[in-house]
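The following exchange examines how the terms applied to a protein model are justified. Each reply sets a computed value against the criterion behind the term.

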Amino acid sequence: MVAFCCLPIGGVDECCAGRGKSSLPSPLAAAVAAMGSNETHLLESLTSRYSEWIMEALDDLPHDLSFLITDPYIAGHPIVFASRGFLSVSGFSREEVVGLNGRIFQGPDTDRRSVMEIREAIREERAMQISILNYRKDGTSYWILFQLCPVFGRDDGRLVHFVSVQVPIPRRVLSCTRLAVRGGLLFGACRNEVRSDLEFRCSLPFDSYDDSDNRGLEGEERREAGDREKQKAVDGVTEILSKLAQYSKLTGRVVCGNRCSPKAGTASLSSSLCTSLGRIKQSFVLTDPLLPDMPIVYASDTFLSLTGYTRDEVLGRNCRFLGGPNTAVEALQQIKESILAEKACTVRILNYRKDGTSFWNLLHISPVRNSSGKIAFYVGVQIDEGLKNDEHGLSPSIRQLGAVGAVKVAVRSLSSSAGPSSRSTS
């Protein structure tokens, strides 16, 4: 990708800025080299923000603290960390959980209404508490108090992760009278439920939960958390946030549990829009023409794999950093003119990866309008000319137009109802 910019085009030194050695910590370099692109993104989700030691630090938290950390900016909103407490109770191994969406904990009696409430909290990027029935690996069910908390960047206010803490809800000793009239007689029955051991299981029923039916509405008798469970969940979130804040200071990219006002010249997309964009399996970026220097505000996983950069190295930068000494000025000028005219264009341009290697980029750029018809973003779809053959036999132009169409649908459908991080383009 090149400069989506209505400003004068920078020189070679400016274009080449940002390329160089990997920013991954050296102890992780060998492991990352052996990983697939998706595994790399999962690892970098934590290490690029909190330093290389964050997973060890999280594992040092009390082993009865059950929690997950997820990344809404990675396609599918996957789990990027599972605590020992969660693994012990759920029966899953870390390898079986990390990289998957929380739908794997859904079961036949999971309450659809509870799933919808969690989905709405994620969409609005806010904290919430709810009781929910989930399932272990062996298929047994159990009740937990689910405490959701968003994690934001302190400087830019951008959503970074979600933390979910789970606290077991034991059976209470209840007495009840069931009345029934049979054959003119009144029968009374009293039942005592025996308090069970404190068993709990983690859940992360995010917005990709299957909710096509009403299952769970008449399932196992619902349990509600008491004050003790609620306070334990809050204390758990506080402890985790403290650890994340401590280790984020090592990278200079501090996080917190409350959204701060973003700095001038930055923008944040809603997690619901990021989730929709994450389903598009193409290399593309979104840039914001309303901000100075037209920075990137979204980068797909495929784009990161193509260029070798991490998401945090890309967001907030103008696309000119992918240019280099042999990038044609004529191609840059063509892009500039198309943006000034608010029109789409297609160019073939030489770009550079993070490691300094070059590739011919078949680049298609198009304005993206919101539901009111105003330009909200520009999308740039990239295809490496050396890898342009598609397994389905689709031409590069058809694939690019398909990606642009999917981006436009996502933006238009969510622009009028996005979460608090959405921007007004009026």
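The questions below concern a predicted model and the terms used to describe it.

Q: What pLDDT does the protein chain average, and which stretches stay under 50?
A: The protein chain averages a pLDDT of 78, and 74% of the residues score at least 70. Residues 175-219 stay under 50, and the model has 131 contacts beyond four places in sequence for them. Residues 418-426 also stay under 50, with 24 such contacts in the model.

Q: How do you know that the length of helix α12 agrees with its number of residues?
A: Helix α12 covers residues 329-340, which is 12 residues. At 1.5 Å a residue the expected span is 16 Å, and the end C-alpha atoms are 17 Å apart, so the two values agree.

Q: Which residues of α12 are called buried, and what makes them line one face of the helix?
A: Buried means under 20% relative accessible area, and in α12 this applies to Ala331, Leu332, Ile335, Lys336, Ser338 and Ile339. Viewed down the helix axis, the buried residues fall within an arc of 165°, and therefore they line one face of α12. In general, an α-helix has 3.6 residues a turn, so residues three or four places apart point the same way.

Q: Which residues are exposed on the other side of α12?
A: Exposed requires over 50% relative accessible area; on that other side, Val329, Glu330 and Leu340 are exposed.

Q: Against what do the buried residues of α12 pack, and how does the helix run?
A: The buried residues of α12 pack against β11 (345-352), β12 (358-369) and β13 (375-384). The helix lies across these three strands, β11, β12 and β13, at about 135° to β11. After α12 comes Glu342, whose phi is positive, near 55°.

Q: Why are β10 and β11 said to stand at the edges of the sheet?
A: The open sheet has 5 strands in the order β10-β9-β13-β12-β11, paired antiparallel. β10 (296-299) and β11 each have a single partner strand, so one side of each is left without a neighbour in the sheet. On average, neighbouring strands of this sheet are turned by 30° against each other, direction ignored.

Q: How do you know that β9 pairs with β13 and with β10?
A: Pairing requires at least two bridges between two strands. Strand β9 (residues 283-287) is joined to β13 by 5 bridges and to β10 by 3 bridges, so both links satisfy the criterion for pairing. The two strands run antiparallel in the case of β9 and β13, and likewise for β9 and β10. Val285 has Gly380 as its bridge partner in β13 and Ala299 as its bridge partner in β10. For Phe284, the bridge partner in β13 is Val381.

Q: What makes β9 mostly covered, and which residues lie on each side?
A: In β9, 5 of its 5 residues are buried. Ser283, Val285 and Thr287 are buried on one side, and Phe284 and Leu286 are buried on the other. Both faces of β9 are thus covered.

Q: Why is Arg259 called partly exposed?
A: Partly exposed lies between under 20% and over 50%; Arg259 has 31% relative accessibility and therefore counts as partly exposed. Arg259 is found in the loop between β8 (255-256) and α9 (271-278). The C-alpha atoms of Arg259 and Asp156 are separated by 8.7 Å, while the two residues are 103 residues apart along the chain.

Notes. Residues numbered from 1 in each chain as written. Predicted model: local features only at pLDDT ≥ 70, side-chain atom pairs only at ≥ 80, totals over all residues. Heavy atoms only, no water. Helix = DSSP H or I, 4+ residues; strand = E, 2+ residues; numbered from the N terminus. Expected span 1.5 Å × (residues − 1). Buried < 20%, exposed > 50% of the residue type's maximum accessible area, 1.4 Å probe, protein only. Arc of directions from axis to C-beta. Contact = heavy atoms within 4.5 Å. Axes fitted to C-alpha atoms, helices over the stretch in contact; angles between N-to-C directions. pLDDT = per-residue confidence, 0-100.
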